[in-house]
Amino acid sequence: MYFNENSVVFLDGAFVKPNTANVGLYNQTMHYGNGVFEGIRAYDTEDGVRIFKAKEHYDRLQYSAKVMGVKLPYTSEELEQITYKLLERNGLKDAYIRPLVYMGDNMTLLTNDDVHVVIMVWEWGKYLGDNMLKVMLSSYQRPNPKACHVEAKVVGHYTNSILATNEAKQKGFDEALLTDMNGFVAEGPGANFFIEKNGVLVTAPLGNILAGITRATVLELAEELEIKVEKRLFTPEEIYEADAAFFCGTAAEVVGIKQFNDHLFSMDWEDTNSSLIQRKYKRRVAHNEYQNVYL
Ligand code: PMP
């Protein structure tokens with residue numbers, strides 16, 4: 001599903017076949033979750049293949065590595081160039097890109113300098129599909145920012161996301177919504193969350209959530225469309241009063257929610273500002289309206 005006999009990955013400076021890559025069984029990432037990663041998309045635009053917000057994603061990878069004390073041996077610009085080469089080698093235009101920085105053999109709990117970088121690319125449809133979602137309030141909360149760096153994409157953090165996703169699927173929902181450690185609405189297992197009430201969008205402020213790059217894009221689009229956005233704490237109860245809601249993330253893009261717990265949103269999705277944002281997001285990524293700028 002993720003690769004075939006023609007696929008190549010970038011691994012520590014070389015382009016190799018995924019099934020020939022040799023990863024040590026004693027690596028610290030596999031045992032303790034000390035690794036950092038990104039989820040990026042490339043789109044086949046009118047100007048050719050374009051990685052959407054490559055700089056923002058690779059800068060976040062640098063940040064994630066830094067807070068975990070992991071020495072990443074490439075600049076964001078180098079990683080972007082490598083990724084374009086990798087896409088070309090794999091003949092991919094619309095693709096999901098997964099850079100992973102993982103550690104070498106090390107059974108201690110101390111970060112060392114044995115660092116590996118792999119980048120994988122494959123074709124991947126919208127992570128949560130194209131249909132409106134049924135979402136449940138998770139019994140799990142997002143990790144406390146005093147226990148880890150929630151704004152970093154760290155491998156180990158995703159056990160929380162897996163617990164919430166498994167629970168939601170087992171209960172017949174498509175996706176989970178998690179609160180922060182104080183019970184305020186935070187985000188999904190792999191996407192940020194917005195509600196809409198009387199045309200105004202509301203989303204959690206930064207602090208207890210991952211600073212999503214799609215969330216930032218939604219904020220830009222809302223400004224261009226003159227849609228008001230409130231970044232503030234709100235409780236799950238407020239979702240029942242909302243007209244609409246959606247998740248946004250690189251893998252899921254912008255996906256509407258039809259139901260929260262047993263509550264159906266009454267407004268027609270097509271009539272909401274959320275739907276406008278969804279359509280404009282699609283145009284933004286697919287038509288290369290956005291230029292990555294290195295200063
Ligand atoms: N929250 C979490 C927990 C995530 O894993 C992701 C996916 N990276 C997001 C939000 C959305 O982030 P982005 O828009 O940068 O993909």
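**Ligand surroundings, salt bridges and surface**

The ligand has 16 residues around it, a residue being counted as near if one of its heavy atoms lies within 4 Å. The closest are K153, Y158, E187, T214 and T250. All of this comes from a predicted model, where local features need pLDDT of at least 70, side-chain atom pairs count only at pLDDT 80 or more, and totals for chains, interfaces and linings use all residues. Residues are numbered from 1 along each chain as its sequence is written, and side-chain values use heavy atoms, with hydrogens and water left out.

Several polar atoms of the protein sit close enough to the ligand to make polar contacts, meaning pairs of N or O atoms within 3.5 Å (within protein, one must be able to donate a hydrogen and the other to accept it, and residues adjacent in sequence count only if both atoms are side-chain atoms). E187 brings a polar side-chain atom to 2.6 Å from a ligand nitrogen. R60 also uses its side chain, with a polar atom 2.8 Å from a ligand oxygen. I213, on the other hand, uses its backbone: a polar atom there is 2.7 Å from an oxygen of the ligand. Taken on its own, the ligand has 380 Å² of accessible area, and the protein covers 96% of that. Such areas come from the Shrake-Rupley method with a 1.4 Å probe; for residues, only the protein chains shown count as cover.

Next come the salt bridges, each one a side-chain nitrogen of Lys or Arg within 4 Å of a carboxyl oxygen of Asp or Glu. By this rule, there are 13 of them. One joins R41 to E253, with the closest N and O atoms 4.0 Å apart. This pair ties together distant parts of the chain, as R41 is in strand β4 (residues 40-45) and E253 is in strand β15 (residues 253-260), 212 residues apart. Helices (H or I, at least four residues) and strands (E, at least two) are DSSP runs, numbered from the N terminus. Both R41 and E253 are buried, where buried means under 20% relative accessible area, exposed over 50%, and partly exposed in between (1.4 Å probe, protein chains only).

K71 and D113 form another bridge, 3.2 Å from N to O. Here the partners are 42 residues apart, K71 in the loop between α2 (54-67) and α3 (76-89) and D113 in the loop between β6 (95-103) and β7 (115-122). K71 counts as exposed because its relative accessibility is 54%, and D113 is exposed too, at 56%. E230 and R232 pair up as well, at 2.7 Å. With 26% relative accessible area, E230 is partly exposed, and so is R232 at 28%. Shared partners link K228, E230, R232 and E238 into one network of salt bridges.

S138, in strand β8 (residues 133-141), is buried because its relative accessible area is 7%. The S138 side chain has a polar atom 3.0 Å from the backbone nitrogen of Y140 and makes a polar contact with the side chain of E167 at 3.2 Å. Leaving out residues up to four places away in sequence, S138 touches A164, E167, A176, L177 and L178 (contact means heavy atoms within 4.5 Å).

Out on the surface, L25, Y26, M30, Y32, M107 and L109 make a nonpolar patch of about 710 Å². Patches are built from residues with over 30% relative accessible area and no salt bridge, joining like charges within 9 Å and nonpolar side chains (Val, Leu, Ile, Met, Phe, Trp, Tyr) within 5 Å. L25 lies in the loop between β2 (14-16) and α1 (28-32) and counts as exposed at 63% relative accessibility.
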